[in-house]
Amino acid sequence: MAKGYKYKRVLLKLSGEALAGDVGYGIDPKVVEDLAIQIKDIVHDGIELAIVVGGGNIFRGLAASANGMDRSQADYIGMLATIMNALALQDAFERQGIYTRVQSAISMQEVSEPYIRRRAIRHLEKGRIVVLAAGTGNPYFTTDTTAALRACELDAECLLKATKVDGVYDSDPTTNPQAVKYEKISYLEVLAKELHVMDSAATSLCMDNNLPMIVFDLTVPGNIARALRGENVGTTVQ
């Protein structure tokens, strides 16, 4: 076990929006660099880290489909957006001296490896970050579901869901000042109360495989390391 840490191998779920910073769209190089600096410290401490990244800062398949685009086609475009984000992360990590591999569920051999479970595990064991792009490679599956699936496949001990909110609330804290934050909650409660921490497929997958999840605020520097040490920085869903 890495010194002072509660978990050794983890999967970090990053939304595409997190990479956009305050601009709201595209990739903010400063945000990506700050993230790389945070992650460098935990990787050098011996944490094995896989990352699943969304693409909402570039293209949202669900929104496009609601406006009349074919859902499958829209989802494939969204998958390509996640590859752009993954390459940006790889660049930032490697400028910090962290060896990084991008694995894509859609074959794109010039810029990434194909997703192969055993190869991904080997990279993790060698201290490399593995950035998992293109979702599951299938339409109708979100990157939240991808994160839950890959965390189970790669034997991760914990799923970290980085958001812009400091945990799970009983209602939207941005619109309801009286919203109550949960320190701990079960996956069953999340489903029953329809809290939309992740979609129901991802939530069920974590529940069925006893995979704990920590929902925390990515915008606070050092929160990733604090979550990995077991400090109370958000909400634990288990």
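Between which two elements does the loop that holds Tyr140 lie? Select Tyr140 and follow the backbone both ways: the residue sits in the loop between S5 and H6, where helices (H or I, at least four residues) and strands (E, at least two) are DSSP runs numbered from the N terminus.

Before going further, note that this is a predicted model, in which local features need pLDDT of at least 70 and side-chain atom pairs count only at pLDDT 80 or more, while totals for chains, interfaces and linings use all residues. Residues are numbered from 1 along each chain as its sequence is written, and side-chain values use heavy atoms, with hydrogens and water left out.

**The whole chain**

Show the chain as a cartoon, and nine helices and 11 strands can be picked out. The C-alpha atoms fill a box of roughly 50 × 50 × 35 Å along the principal axes. The radius of gyration, taken over C-alpha atoms, is compared with a globule rule of 2.2 Å times the number of residues to the power 0.38; for 238 residues a compact globule would come near 18 Å, and the chain agrees with its 17 Å.

Colour by accessibility next: 50% of the 238 residues count as buried, where buried means under 20% relative accessible area, exposed over 50%, and partly exposed in between (1.4 Å probe, protein chains only). With contact defined as heavy atoms within 4.5 Å, residues 24 or more positions apart supply 72% of the contacts that have a separation of 6 or more.

**The open sheet**

Now select the strands. Nine of them form an open sheet of mixed pairing, in the order S4-S3-S5-S2-S1-S6-S10-S11-S9; two strands are said to pair if DSSP finds at least two bridges between them. The edges are strand S4 (113–114) and strand S9 (184–185), each of which pairs on one side only.

Begin at the S4 edge and step inward. S4 runs parallel to S3 through two bridges, and Gln103 stands opposite Glu113 of S4. Strand S3 (residues 100–104) is mostly covered, with four of its five residues buried, and five bridges join S3 to S5 in the parallel sense, with Val102 opposite Val131 of S5. From S5 (residues 129–133), three parallel bridges lead on to S2 (residues 48–53), and among the positions to label is Ala50, whose bridge partner in S5 is Val130.

Which residues point each way from S1? Arg9, Leu11 and Lys13 point one way, Val10, Leu12 and Leu14 the other, and all are buried, in keeping with a strand in which six of six residues are buried. S1 pairs with S2 in the parallel sense over six bridges, with Leu11 opposite Ala50, and with S6 over five bridges, again parallel, where the partner of Val10 is Cys158.

**Just after S1**

Select Ser15, in the loop between S1 and helix H1 (16–20). Ser15 is partly exposed, at a relative accessible area of 22%. Leaving aside neighbours within four places in sequence, Ser15 is in contact with Gly54 and Ala162. To gauge a separation across the model, draw a line from the C-alpha of Ser15 to that of Asp172: the two are 157 residues apart along the chain and 18 Å apart in space.

**The loop between S5 and H6**

Return to the loop where the tour began, and place Ala134 there beside Tyr140 in your selection, since Ala134 also belongs to the loop between S5 and H6. Most residues other than glycine have a negative phi. Ala134, although not a glycine, has a positive phi of about 70°, and Tyr140, likewise not a glycine, has one of about 75°. Is each of them buried or exposed? Ala134 counts as buried, at 0% relative accessibility, whereas Tyr140 is exposed, with a relative accessible area of 51%.

**Helix H6**

Finish with helix H6 (residues 143–153), which is mostly covered, eight of its 11 residues being buried. Show side chains for the buried set: Thr143, Asp144, Thr145, Thr146, Ala147, Ala148, Arg150 and Ala151. Then display the elements they pack against, which are strand S1 (9–14), S2, helix H4 (71–95), S5, strand S6 (158–163) and helix H8 (200–208).
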